[in-house]
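Biologist: Hi! Could you walk me through this one? I'm new to reading structures.

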Amino acid sequence: MSLWRQLRRGLRVLTRRTEADQELADEVQHYVDLTTADYVARGLEPAAARRAAQLEVGNMTAVREHVRSYGWENAVWMLLADLRFALRRLRANPGFTVVSVLTLALGIGATTAIFSAVNPILLASLPYPNAERLVLVADRGADGGPRDATFGTYGELRVRSRSFQSLAAVDRWQSSLTATSEPERLQGQRVSESYFRTLGVTPAVGRDFDSDDDRVGGPRVVILSDRLLQRRFGGDRSLVGRRIMLDDDEYLVIGVMPPRFSNVIAPSADIWAPLQEQATAEFNSREWGHHYRIVGRLQRASSAARASGEIRMIARAPLPEFPRPMWANMSDGMLVQPLQDAIATDAKPMLFAICGAVLVLLAIVCVNVTNLLVARGAQRRGEFAMRIALGAGRGRLVQQVLTETVVLALVGGLLGLEVAAIGVRALIALSPAGLPRVDAMGLNGPVFAFALVVTTLIGLTMGLVPALGATRAGLHDDLQQSSRRTAGGRGIARSALVVTEVALALVLLVGAGLLMRSLQRLFAVAPGFNAPHLLTMQVIEPGHAYHSDTARARYYEQALESVSHVPGVISAAVTSQLPLSDDLDGYGYEFQSTPSVKPGEDGSALRYVVTPGYFATMGIPLRRGRLFDESDVRGGPEAILISESLARRKFGDQNPIGQRVRFGPETASDRPWDVVVGVVGDVKQESLAFGQTAAFYVPMGRWWWVDNVQSLVVRTSGDPAAMAPSVKRAVWSVDANQPIERIVTMDALIAKTASQRRFALVIIETFAFAALLLAALGIYGVLAGRVTERTREIGVRSALGATRGNILGLIVRQGMSLTLLGVLIGLVGAMAATRGIMTLLFGVSRLDPITYIGVVALLAGVAMIACWLPAWRAARVDPAITLRAE
Amino acid sequence: MAEQNTDVIQGTLDMLILKTLSLQPMHGFGIARRVEQISRGVFKVNPGSLLVALQRLERAGWLDSAWRQTENARRAKFYELTRSGKKQLDVETAEWARRASAVARLLKAEA
């Protein structure tokens, strides 16, 4: 009741301030009148009585102030007054205001944009109920890192583990939507029936998978994403219960996921089907391959560490009903990672580097605006001294100054949101493939809150330096504004700020420089083939149109034939996997001359099933022996090619030609030995940065099966991208029902492998450029201010005979010594800070001297220009005018 | 005439105002006069302090105020005690009695 009363009253006073004042004045007047009447009644002359009454009542201003100081509304009122004053001051200095606001908008905008990208990946919990209990369970790879698990392991864990409330296995799945106007390759997942339940989501329409769907030989059912329903089926929800054609088979649509469902494990997945798999003791089956991801929801009382411990126990105590092959025996334990960490692992180093860079930029922005504020504070010392003399408390002044800087920051922050909106759009457009949760980037509640907090903090910290400086004790000196000829102590603060700025800019520039050199090095890496003029595309034979492998092989041969007649095509070939395209398919191998002691000891080698023209088309060099010819395809001895590094590893300097090898999914002894007929150059398969892997090349038609997804590589005489439509038409002239995907030039694929580094580079480069500009502005601002302050001194110097060169040197020297100091500090900082981007570097030391020298030279050059302008103005000071002005 | 201290004892102004208003609603000047009269001139209320105190008490919810016509047809702000004001007066009176008797005992005590 009392609170309500306070509130109501406060509001009334606040909204009707003058009325409240008037009431008080009336009350006082009434008091004075009655007192006067009283004195008159006691016999005083009316005039004397009035004087006496006035005297008795005294100075009512103080009373009014006192009365006003009650209640919360007074604080608001003071704040409003401060705000009005601050806005007036900012309007009165448009130059200062515009520069500061723009600088702040840049800094706050950049920081906010980066936060909005980083928040969903690193901070915000995943969009599932109790997402903190979701984990990804993976096998431990040879390097200690995660490796996809096998279905057998999933099956065993599901039965034996107690740490999980539920477990789900997921496999990648692509399928082609056929029997529609244009065949389309869909990205999807095959999932165990528990998948959506484990995540904690249910379809918006229709039903979830159940155990009946997920048995071996179960029905063909799918759940679609809302995105796919909108895109291909016009959002028609009655599709649920109807059938669609996938890979020439009928699938019943049983559900559609909600529009807001975000599938973080495979963000591009649009369609889900049940796994319908069963682990068997037959280890050569698909279920024992490392291609499943296991998602788990921990029990309420469990934790990732506890689950991991339990799995180790399970591994140590094998049960006869759960046979395990060598490669899936869990003997190293398994990795149980929070799902959020797991999906962010790859992007983390890049994100941290970018966060660091944006914080450095923000610091520079703050330093720059503080610099401007300090300069202005110096001009305002007179004003502050006057107000203190008039009785303003120091706290009151500090509050006033802080209000000003916070207002400044808020205006900058408001504009910064605009910058952030542009930044987020740019980030999404530039974001490298594989960056998780891109769908969740954007300006939302948490981002606005972040921006507000950052802005307020900036406003307060920025204001503190000038506020305390400007209201320092001993201000009465400043009342004599004339004593301005000494540009003493406060110069040090500004110099320190400039030094900081230069140092910070250097750190950013070094980071950008190192990344730039890394990219250069990366692109200088030979991929092992001749990339220019190569066009590639995935040609897919999805279904049952070609029932036998021979028919399928014929289809590819015909397509190849058709493509080779397209004008501008020099040569063409088909391969089961394409370098630098995320294809990764490996199998175990065994040489007859050096039999493996343990199975899998040699690891696996990449499998390329190719048509004979592959090497010529790609430009992969032959090192020894011969390439494939038609006889290899049509029959004859089982010829196989191996890569250079595999040859070196197994045979050293010996001739590997004629060696007999078994390679493939079944190294069973019933398989005849293949014969190595040639050695070809190494090819980068995974990425330019990644080390070499052993590889086998098998002629198409001689492998166990003919892959139904293959890559067509085409060497063209002209621009490869321009050839895409005619090559596509040529393929479709053989069969128009087969989808063609991933049409891309080899050059573009190479660029894509560096996309994370390039992303980091573009951002850090942008920041570094901004930092350079701000540092230059800072140096210029300080020197320009100093020249103005020292005009008289400079006048005297030139009157005493200093040449223009002397004056020029004096000012430039001053600026450059600040720069030098900043550079020295910055170098130390950069050496420390570049630790953070080490994992992003390639072929360049983080202490790369060329980068450091280049950056220092660049910074020095820009600083020189920033020094030159004020120095030049100083040198033109006319001694006669300055001296006369005194 | 020797200058006599007519200041209200520190901390008692609120109580005096509340007590005065417990008799009848009054405007500021009336309160000052009443305090002065009843104390026979021992206490003289400073108008500044009085107005500030009235604002404070009203804000605390112990007084209500309203503009009314006086007998000589002028507008004046009349204050009156609220229910919680009455309670407050009791509290302050009891507190004052406790302190005053303590002071009295101290003064009476023989060395």
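Modeller: Happy to, and keep in mind that this is a predicted model. Let's start where the two chains meet: the contact takes 27 residues from chain B and 24 residues from chain A.

Biologist: How much area is buried between chain B and chain A?

Modeller: About 2,400 Å², and carbon and sulfur atoms give 54% of that. On the chain B side, B:F29, B:L51 and B:R59 lose the most area to chain A, together 33% of what that side buries.

Biologist: Why do people quote an area for an interface?

Modeller: The accessible area lost when the parts come together is often used to give the size of an interface.

Biologist: OK. How many salt bridges are there between chain B and chain A?

Modeller: The count is 1 salt bridge. The side chains of A:D38 and B:R33 form a salt bridge, at 2.6 Å from N to O. There are also 2 residue pairs in polar contact between chain B and chain A, counting pairs with both residues at pLDDT 80 or more.

Biologist: Which parts of chain B supply the side that touches chain A?

Modeller: At least two residues each come from α2 (28–38), α3 (47–59), β2 (63–69) and β3 (75–81) of chain B. The largest share is from α3(B), with 10 residues. Sorted by class, that side of chain B has 12 nonpolar, 6 polar and 9 charged residues.

Biologist: Let's go back to salt bridges. How many are there over all chains?

Modeller: A search of the whole structure finds 28. As general background, side chains of opposite charge can pair when their charged atoms come close.

Biologist: Can you show me one inside a helix?

Modeller: Sure. A:R160 and A:E156 meet through their side chains in a salt bridge, 2.7 Å from N to O. Both residues are in helix α7 (residues 151–160) of chain A, 4 residues apart, about one turn of the helix.

Biologist: Why does a spacing like that matter in a helix?

Modeller: An α-helix has 3.6 residues a turn, so residues three or four places apart point the same way.

Biologist: Is A:E156 buried or exposed?

Modeller: A:E156 is buried, with a relative accessible area of 2%. A:R160 counts as buried too, because its relative accessibility is 17% and the cut-off for buried is under 20%.

Biologist: And a salt bridge with partly exposed residues?

Modeller: Try A:R215 and A:D212, whose closest N and O atoms are 2.9 Å apart. A:R215 is partly exposed at 39% relative accessible area, and A:D212 counts as partly exposed at 43%.

Biologist: What about partners far apart in sequence?

Modeller: A:R607 and A:D707 are a nice pair, with their side chains in a salt bridge at 2.7 Å, N to O. A:R607 lies in strand β15 (residues 604–610) of chain A, while A:D707 is in the loop between β20 (695–699) and β21 (709–716) of chain A, so this pair ties together parts that are 100 residues apart in sequence. A:R607 counts as buried at 2% relative accessibility, and A:D707 is buried with a relative accessible area of 12%.

Biologist: Which residues do salt bridges with shared partners join into one network?

Modeller: A:D38, A:R42 and B:R33.

Biologist: New topic: what is A:E404 in contact with, leaving aside its neighbours within four places in sequence?

Modeller: Its contacts are A:F85, A:A86, A:R89, A:R376 and A:R380. A:E404 is in helix α14 (residues 394–430) of chain A and counts as buried at 2% relative accessibility.

Biologist: Which residues of helix α23 (residues 746–753) of chain A are buried?

Modeller: A:M746, A:L749 and A:I750 are the buried ones. Looking down the axis of α23(A), they fall within an arc of 100°, so they line one face of the helix.

Biologist: Last thing: anything about backbone angles?

Modeller: Yes. Most residues other than glycine have a negative phi. A:Q276 has a positive phi, near 50°; it lies in the loop between β9 (271–274) and β10 (292–298) of chain A and counts as buried at 19% relative accessibility.

Biologist: What is phi of A:L580 near?

Modeller: Near 60°, a positive value in a residue other than glycine. A:L580 is in the loop between β13 (569–575) and β14 (586–591) of chain A, and at 3% relative accessibility A:L580 counts as buried.

Notes:
Residues are numbered from 1 along each chain as its sequence is written. Chains are lettered from A and ligands numbered from 1 in the order in which they are written. This is a predicted model: local features need pLDDT of at least 70, side-chain atom pairs count only at pLDDT 80 or more; totals for chains, interfaces and linings use all residues. Side-chain values use heavy atoms; hydrogens and water are left out. Contact means heavy atoms within 4.5 Å. Buried area is the accessible area (1.4 Å probe) that two parts lose on being put together, summed over both. A salt bridge is a side-chain nitrogen of Lys or Arg within 4 Å of a carboxyl oxygen of Asp or Glu. A polar contact is a pair of N or O atoms within 3.5 Å; within protein, one must be able to donate a hydrogen and the other to accept it, and residues adjacent in sequence count only if both atoms are side-chain atoms. Ala, Val, Leu, Ile, Met, Phe, Trp, Tyr, Cys and Pro count as nonpolar, Asp, Glu, Lys and Arg as charged, and the others, Gly among them, as polar. Buried means under 20% relative accessible area, exposed over 50%, partly exposed in between (1.4 Å probe, protein chains only). The arc is that of the directions from the helix axis to the C-beta atoms.
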